[in-house]
Amino acid sequence: MADNRLGEVYSKVSTHLGTEKVEQGLKDLLLAAMRRAVEQVGKLNGFLHNESIKILIPEQLQPVVKIAQKAKKQEKVDSFEESLNRAAERAVPSALEIFTTAIMSLRFDDIKAIWESPSHNGATEYLKEKCSGPLAAAFTPEVARAMEENRCSKAYEKLTTRVPGVSKLTKDLNLETYTVEKALHGLFLVCAEKERAVRENPEQRPNEIVQHLFNHLDSHT
């Protein structure tokens, strides 16, 4: 798709549809992609059963994991890892409001820059830059509550108890921070996938205005 011709095509289409309708259509397109991403990962097993974003036990704890596995305590490893993913799944739905606010506040120059991006994830990169701070702030209390409910701390204690030297391995490890960072990474990875889909697949575009605009874009490739 010739995204770098969006400005030219925008001028032609907006003459027929109106500037506000076209701008809203493009915002709806971005929001549709982000909503699909949030809905995909912010549900039961959204992280745990997606190998590309599944949250693994922190690298600092791998020696502990090996010891637990040798002691035939794999169920404790699995329980702990599941608790991390459940916390991320619990936190992600709060992203939709933050994404919506950011997208709806875009000016056309912002939208144009996003679609003229040479990559297929210009919107995702924009939102990552603008929203990572607010998202982390929103995710943190949700992750903390989920970890408490899922007994993540107890799973962590069971995994690490009586392992020599574990305190040195984990002195700089904050499980909440680790989980929030991994949740953000996974969410934005799926956001990029959904953005690419709406850019490339006409069936993924949410309304007639967007279809009309992208039909013009496609005709200029």
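Here are some questions and answers on a predicted model. Residues are numbered from 1 along each chain as its sequence is written, and side-chain values use heavy atoms, without hydrogens or water. Because the model is predicted, local features need pLDDT of at least 70 and side-chain atom pairs count only at pLDDT 80 or more, while totals for chains, interfaces and linings use all residues.

Reader: Which element of the protein chain has the highest mean pLDDT?
Author: Happy to start there: pLDDT is the predictor's confidence in each residue, from 0 to 100. The protein chain averages 83, and 78% of the residues score at least 70. Helices here are DSSP runs (H or I, at least four residues), numbered from the N terminus. Helix H1 (residues 6–17) has the lowest mean, 55, and the highest, 97, belongs to H5.

Reader: At what angle do helix H5 and helix H7 pack?
Author: Two packed helices are described by the angle between their axes and the distance between the axes. The axes are lines fitted to C-alpha atoms over the stretch in contact, and angles run from 0 to 180 degrees between N-to-C directions. For H5 (residues 95–104) and H7 (residues 122–149), the axes lie 10 Å apart and the angle is about 145°.

Reader: How many residues of the contact of H5 with H7 are nonpolar?
Author: Contact means heavy atoms within 4.5 Å, and among the residues making it are Phe 99 of H5 and Cys 131 of H7. Nonpolar covers Ala, Val, Leu, Ile, Met, Phe, Trp, Tyr, Cys and Pro; Asp, Glu, Lys and Arg are charged, and the others, Gly among them, are polar. There are no polar and no charged residues in this contact, and the nonpolar ones number 11.

Reader: Why is Cys 131 not in a disulfide, and how far is the closest cysteine sulfur?
Author: A disulfide is a pair of cysteine sulfur atoms within 2.5 Å, and the structure holds zero of them. The closest cysteine sulfur to that of Cys 131 is in Cys 191, too far for a bond, at 9.5 Å.

Reader: Is Cys 191 buried or exposed?
Author: Buried means under 20% relative accessible area, exposed over 50%, and partly exposed in between (1.4 Å probe, protein chains only). Cys 131 has 2% and counts as buried. With a relative accessible area of 0%, Cys 191 is buried.

Reader: What is the phi of Asn 45?
Author: Most residues other than glycine have a negative phi. Asn 45 sits in the loop between helix H2 (19–41) and helix H3 (62–70), and is partly exposed at 22%. Although Asn 45 is not a glycine, its phi is positive, about 75°.

Key:
Helices (H or I, at least four residues) and strands (E, at least two) are DSSP runs, numbered from the N terminus.
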